[in-house]
Number of protein chains: 2
Amino acid sequence: MEDGKKKRCLVHFSPSGLKVEVEKGTILLDAAHKVGLYLSSVCGGDGYCGKCKVAIDEGQFQAKPTGLLTADEVRDNVVLACQTKVLSDLMVTVPTTHALDTGRILIDSDAHRFSEMKGNGHGTTFPFDPLVRKLYLEMTPPSVQDHTADHERLYMAIRRQIDAPLMQTGYQILQKLPGILLNSRYRATATVGRRGGTTEVIEVDAGDHSRRNFAVAVDLGTTTVVAHLVDLTTAATVDTEATYNSQLNFGEDYIRRIIYAEENNAFDEMQNRIVQDVNNLIMTMATRQRVNLQEITTVVCAGNTVMVHFLLNLDTRRIRREPYVATASFVPPIRAAEIGVQINKRGLLYCLPGVAAYVGSDIVGGVLATGMFAKSGICLLADIGTNGEIVLGNRDWLVCASSSAGPAFEGSGVRHGMRAGAGAIEKFTYLGPGRFNYQTIGDRPPAGICGSGLLDLLAELHTHGVIDRTGRFSEDHDPGLTYGDDGRQYRLVPSDNGRQEIVITQADIDNLLRSKAGVFAAIRVLMEATQTRLEDLEMVFLAGGFGNFLNVRHAVTIGMLPDVPVERIRFVGNTSIAGAKMALLSREALRRAEEIAASMTYFDLMSHTGYMEEFIRARFLPHTDLSLFPSVRGSASAKCKVGSGIDQ
Amino acid sequence: MEDGKKKRCLVHFSPSGLKVEVEKGTILLDAAHKVGLYLSSVCGGDGYCGKCKVAIDEGQFQAKPTGLLTADEVRDNVVLACQTKVLSDLMVTVPTTHALDTGRILIDSDAHRFSEMKGNGHGTTFPFDPLVRKLYLEMTPPSVQDHTADHERLYMAIRRQIDAPLMQTGYQILQKLPGILLNSRYRATATVGRRGGTTEVIEVDAGDHSRRNFAVAVDLGTTTVVAHLVDLTTAATVDTEATYNSQLNFGEDYIRRIIYAEENNAFDEMQNRIVQDVNNLIMTMATRQRVNLQEITTVVCAGNTVMVHFLLNLDTRRIRREPYVATASFVPPIRAAEIGVQINKRGLLYCLPGVAAYVGSDIVGGVLATGMFAKSGICLLADIGTNGEIVLGNRDWLVCASSSAGPAFEGSGVRHGMRAGAGAIEKFTYLGPGRFNYQTIGDRPPAGICGSGLLDLLAELHTHGVIDRTGRFSEDHDPGLTYGDDGRQYRLVPSDNGRQEIVITQADIDNLLRSKAGVFAAIRVLMEATQTRLEDLEMVFLAGGFGNFLNVRHAVTIGMLPDVPVERIRFVGNTSIAGAKMALLSREALRRAEEIAASMTYFDLMSHTGYMEEFIRARFLPHTDLSLFPSVRGSASAKCKVGSGIDQ
């Protein structure tokens, strides 16, 4: 059937309008990748997550049989892109809830929401002393009385402005120094960067350029990459931008991505993707703010250990295998250009230090940003992202753990779950059986539910008795309750004008309960290990990209956070980027981050005997042990029927 | 007369046998340069030093008229190579006293003599702590109990062996680290280099390579480049080698070379030459000792400021112009590969710190090597090379100056002067009028006179009344006294078997007196400025490439060194390389060198009002003021007729 020469097929994707020519027989998911279209793919193309559904409107294709499609979908030529071969020119429609973007460069305007969350330290301030500074130096030119060499003259002038006992200069700078000093009559700007205990002269330019010095803080999330542009002369954040991590089509969680990279020798590709994402963010902000890329001298990154390793193309293979070893938790500063990050060609790229393979620099950033490392009272930080990381402690001690309970609160593994972007329902109020008030991001028509909406939903459904303490739909005669392909489901938003109805399924609820249980079990293990009582908790910080209208009370209601008074719970948004930003503005902050990372004790939950037991108990609403949730005890949940033997 | 297409001419040089094809009309000196034949050329090809004399044995040439050739020479077709055009194939003979080499790679076996002089510190020892070390690390592999990241595991292992509070690792090393540790089961060798206050992980290799670690110390002389190969595991010097500086055909002194480089935009060429010299020395020693270049991890250079600048291609133009500014006196360590020095590709190249444009790191090395920086008593160091540098002081203070009195004691500006190589007369004893005992280096037939021989000669001629206190030949009826093209001259070695006679001319003596006067005047200025009396001098160190049999007493007799008891004068040879070697063996030594350089006070003699007066007085033998030389006063010199009015 095949010609000796492979036939070329044109694939056209709606609604993005992207087109790509591929060889006949190409997998449709690969065709989408090729043109930069990021389809959701939890399993990394193995055909068992069912996330990469697309509809073929026209043309020939060959799809492997799958149980992940409903009869209706099969009838409508809906296929799994990863299981479908292109056999002719195709017209393909990508559902808006599943496509991660509609354009080549993934700047989601709603992603601003991630980045605008408050991020400054809570009560802790550091001296303003950026990692990279521009110093305008007015030097006395040499004379017969003073023939100090140029290099030493430069050092003396720098040391008059900043404390820099140990200094370094690269050979290139040394070579061009005399020309610059002569031409400028010894009026020049030195760009100096802190590297550990030393100060490097990164660049020397004629004249005064000290007013133009910018830095970028980056949160390398598994799902979303967020960047802030900071004016280092004023410490002001002048722009923010976010994008989906374009590694997403290699798998939604990073373990999948490591496996993909191993199997396809695609570590370079992984690096290229994330570097390109960072470059796109920087370029977008720089263009908008009329900042020349050469004026950006610093990048500080925070992220989980795998993302930092992908960025630097460090070995990730052993991170997913016992004993889970990273190449570096403390990454030395490098020149950004060494990995292709496009700022000043001699600018420095720093990574906040991490703790272990599964507790990365994003969490250290969180400890820094919340200020908990400096408090006498014990604080708890729960950062809910694709994983859920927990830190407990105060100025004397810090323990941390990572729960791999899954990214349900990021919308993954939930039928109509989605990230906190345009059209996401971020707030739910139960009005009565089958009736809800809701609010979407950007006031757009509802396209799905993001983390804060899911949190509301679980709490509201439970509080009003729609689901029982095990998460099962409890009232068969509820008008909201219907049956779908996955069994029981509850209608949240009716279909309207061709828009599909939005539901939550029993499987969705189970996934959400697993996620919240993972978080709470981790909290319990850490609290028990440190003999911390509920009343010892001075503050509970909830971090993550939930959406802005997060009802922290609901996090207690469902048993994700411990039952402390609501005024002791604070939603702190993206603390990873907040920590990165503090570091770029103050080397003292970076030094403290290093102390934090070095002093944090990591609990490996997987090898902790009590964790599984805690996890099982925490899968109930709010918990098997109601005495842990006195404030919840009196609520409607008490009305629910409870399976026997779960109270202990 | 000329064809459209230039005619090619073959020039054949004897006795080297080197041949080169050049265009008709090429300057003969350029033809010699082209084939790597280094003719002596003080003036850099301007036609007024008369040093590049060669004889044309066959062929056509066009020579500019010059007053620098005798009638006999013109008759014998002797020409100045820099003033002569090649018009046909030529057979050229290069006099052995003037050619600097007879082969392409300039390894003069006699140059060992420069390098074998004792070089260790005089009473001062530093802890053994090389700048670059190889540490064999046996690390416990990661386990569930200890999943410290590879990079931190490496640092911990390094810190168990050495003190390294601040560490750095390059991106490349970080990337390859996990593979090396895994493959070697965490048994690896880290090469670590000290850079200022930090320790850089330069290289990591699987297995134990700690027993193979070598360093090279280099003395970058204007005339001679000397290198020592040091085994860093035993601190032993395992080989030495020396070569003429192949920049010599751009001028014998470095000011000439700067001018040449400026006029011909030849700074890259200057760098290439000296780098090639260093590479040749390293390659020769490495080959002989079966050391792989990758096993050489360190180069430490000492030299005058201009030579160090040429090596690094730093701006030298302002060094020769008021206010005489260097690019750097403290040169940061660089990777040797950055300038093309061929050792381990990530190995480090250090330069000892210098003081000023005219007091370089060779002198700092001398202060380090003599140990004078640590003595309570005041010491004097006179390093006689192409310039004469003087340091005076003790552990509390150090002053220094550079006298540009000329390289007469290196044989330049002296008719039969030559460097301390094969055939050079290094020792003279006066037997009677016109009769001398002499000794040559390598016991070869006498080809000329080197520094120690010239020193002997001046002292002996003066002591025995052949020259008076002004340096003039005093007895007309002395059978040694003859007349040559330059007027009066004294026969030292009669002609024999076709070998020309060796004489010293009145002009030679005047040059030598200028040199010694420059040195002594500088000493006087420094002593007076610091109110140092003769009896305060605990030790006088004489350094330089004089030849091995230097009679230090004669240096007092002629009034070059102050009149202290002979047991307080020590000839210390090449202290530049001795200092470099101490630094590569001990970072404490380098740190002390930095302190020395930073604390030394530089006296600019040219702008010092008293210097010229001191210089004029010191041009006499031993001095106008005989009270300065009580031990000399009673000698034969008292018998000499003295010009009126010079006693003050």
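This report describes a predicted model with chains A and B, going from the pairing of the chains to details of the backbone.

## How the two chains are related

Turning chain B by 180 degrees, with a shift of 0.1 Å along the axis, lays it on chain A with an RMSD of 0.1 Å. This is the relation of a two-fold axis. Within chain B, T198(B) has the C-alpha nearest the axis, at 3.8 Å from it.

## The interface

The size of an interface is often given as the accessible area lost when the parts come together. Here the area buried between chain B and chain A is about 3600 Å², and carbon and sulfur atoms give 63% of that area. Chain B brings 44 residues to the contact, and chain A brings 42 residues.

Which three residues of chain B supply more of the area that it buries against chain A than any other three? They are H147(B), Y171(B) and R318(B), which supply 19% of that area. Of the interface residues of chain B, 95% are also interface residues in chain A, so the copies meet through the same surface.

## A sheet in chain B and its helix

Strands of a sheet pair through backbone hydrogen bonds, either parallel or antiparallel. In chain B, 3 strands make an open sheet in the order β22-β21-β23, with mixed pairing. The edge strands are β22 (435-440) and β23 (448-449) of chain B, each of which pairs on one side only.

Strand β21 of chain B covers residues 424-432 and runs parallel to β23(B), to which 2 bridges join it. In one of these strands, β23(B), I449(B) is the bridge partner of I425(B). Helix α10 of chain B, residues 451-463, packs on the sheet and touches β21, β22 and β23 of chain B. The direction of α10 makes about 15 degrees with that of β21(B).

## A hairpin in chain A

Strand β13 (residues 224-231) and strand β14 (residues 236-244) of chain A run antiparallel and are joined by 8 bridges. The bridge partner of D231(A) in β14(A) is A236(A). Together β13(A) and β14(A) form a hairpin with 4 residues between them. In the turn, A235(A) has a positive phi of about 70 degrees.

## Two crossing helices in chain A

How do the axes of helix α13 (residues 575-585) and helix α14 (residues 587-599) of chain A cross? The axes come within 5 Å and cross at roughly 125 degrees. An angle that is neither under 35 degrees, nor over 145, nor from 65 to 115 counts as oblique, and α13(A) and α14(A) are therefore oblique to each other.

On the α13(A) side, the contact is made by M582(A), A583(A) and L585(A), which meet R587(A), A589(A) and L590(A) in α14(A). The residues of this contact between α13(A) and α14(A) divide into 5 nonpolar, no polar and 1 charged.

## Less common backbone features

Most residues other than glycine have a negative phi, and most peptide bonds are trans. In chain A, a cis peptide bond joins S14(A) and P15(A), with omega about 0 degrees. P15(A) lies in the loop between β1 (8-14) and β2 (19-23) of chain A. In chain B, the peptide bond from S14(B) to P15(B) is cis, with omega near 0 degrees, and P15(B) lies in the loop between β1 (8-14) and β2 (19-23) of chain B.

N77(B), a residue other than glycine, has a positive phi near 60 degrees. The place of N77(B) is the loop between α2 (71-75) and β5 (78-80) of chain B.

Notes: Residues numbered from 1 in each chain as written. Chains lettered and ligands numbered in written order. Predicted model: local features only at pLDDT ≥ 70, side-chain atom pairs only at ≥ 80, totals over all residues. Heavy atoms only, no water. Pairing = 2+ DSSP bridges. Contact = heavy atoms within 4.5 Å. Axes fitted to C-alpha atoms, helices over the stretch in contact; angles between N-to-C directions. Least-squares fit on C-alpha atoms with pLDDT ≥ 70 in both. Nonpolar A, V, L, I, M, F, W, Y, C, P; charged D, E, K, R; others polar. Buried area = accessible area lost by both parts, 1.4 Å probe.
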